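Thanks, everyone, for making the time this morning. I would like to walk through one structure with you, going from the overall layout to a few individual side chains, so please have a look at it first.

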Amino acid sequence: MVYIRITQQSACGDCHVKSVCTASEGKIRTIEVEDCTGRFRPNEEVLVCGRYAMGMKAVGLAFVVPMLLIVSALVAGTGWSGNELIGGLAGLSVLIPYYGCLYLMRDKLKRKFVFTLSKIK
């Protein structure tokens, strides 16, 4: 298993005044990639590749499905109770089981979201 450290930066990460700007921030993410070749060495720069369909599936799971759940629960909660507060709470509370299910399915999702590595020339 190869662990790749990625520094996620804001859009202005390459700006020359980022050291004094509060908008520039960076987060370090780690990606696990299975590699049986042994071609990669520690601290080597690599290119992480993924399929387009995998990216679309990630966007769907992270943004589209939760938005549909929130809107559906909001409409159903408001229609059922006649109270917008109840509808809003229903919309937010539906995310708890959704993200709980995603967490429980994390091993299955790891098998579906497979990245590959290539050397940077």
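Let me begin with a single cysteine: Cys49 is partly exposed, because its relative accessibility comes to 30%, and that lies between the 20% under which a residue counts as buried and the 50% over which it counts as exposed. Cys101 falls in the partly exposed class as well, with a relative accessible area of 44%. Please keep in mind throughout that this is a predicted model. As for bonds between cysteines, a search of the whole structure returns zero disulfides.

Now the overall layout. The protein chain has four helices and four strands, and, read from the N terminus, these elements follow the order β-β-β-α-α-α-α-β. The chain has 121 residues, of which 17% count as buried.

Let me turn next to the loop that joins strand S2 (26–33) to strand S3 (46–49), where we find Gly38. This glycine counts as partly exposed, because its relative accessibility is 40%. Gly38 is separated from Met1 by 37 residues in sequence, while the C-alpha to C-alpha distance between the two is 9.6 Å.

Moving on to the helical part, Val59 sits in helix H1, which covers residues 52–81, and with a relative accessibility of 39% this valine is classed as partly exposed. Val59 also belongs to a nonpolar patch on the surface, together with Phe63, Val64 and Leu68, and the accessible area of these residues together is about 390 Å².

Finally, the aromatic side chains. How many aromatic pairs does a search of the whole structure find? The search finds one. The pair consists of Tyr98 and Tyr99, whose ring centres are 5.2 Å apart and whose planes meet at 70°, so the arrangement is edge-to-face; the relevant cut-off for that label is an angle over 60 degrees. As for their surroundings, Tyr98 is buried, with a relative accessible area of 12%, whereas Tyr99 is partly exposed, at 39% relative accessibility.

One further ring deserves a mention, namely that of Tyr103, since here the partner is a charged side chain: Arg106 lies over the face of Tyr103, at 4.0 Å from the ring centre.

That is what I wanted to show, and I am happy to go back to any of these residues on the screen.

Notes
Residues numbered from 1 in each chain as written. Predicted model: local features only at pLDDT ≥ 70, side-chain atom pairs only at ≥ 80, totals over all residues. Heavy atoms only, no water. Patch = residues over 30% accessible without salt bridge, like charges linked within 9 Å, V, L, I, M, F, W, Y side chains within 5 Å. Areas by Shrake-Rupley, 256 points an atom, 1.4 Å probe, with all protein chains shown as cover. Salt bridge = Lys/Arg side-chain N within 4 Å of Asp/Glu carboxyl O. Helix = DSSP H or I, 4+ residues; strand = E, 2+ residues; numbered from the N terminus. Buried < 20%, exposed > 50% of the residue type's maximum accessible area, 1.4 Å probe, protein only. Disulfide = S-S within 2.5 Å. Phe/Tyr/Trp six-rings, centres within 6.5 Å; stacked < 30°, edge-to-face > 60°. Lys NZ or Arg CZ within 6 Å of the ring centre and 35° of its normal.
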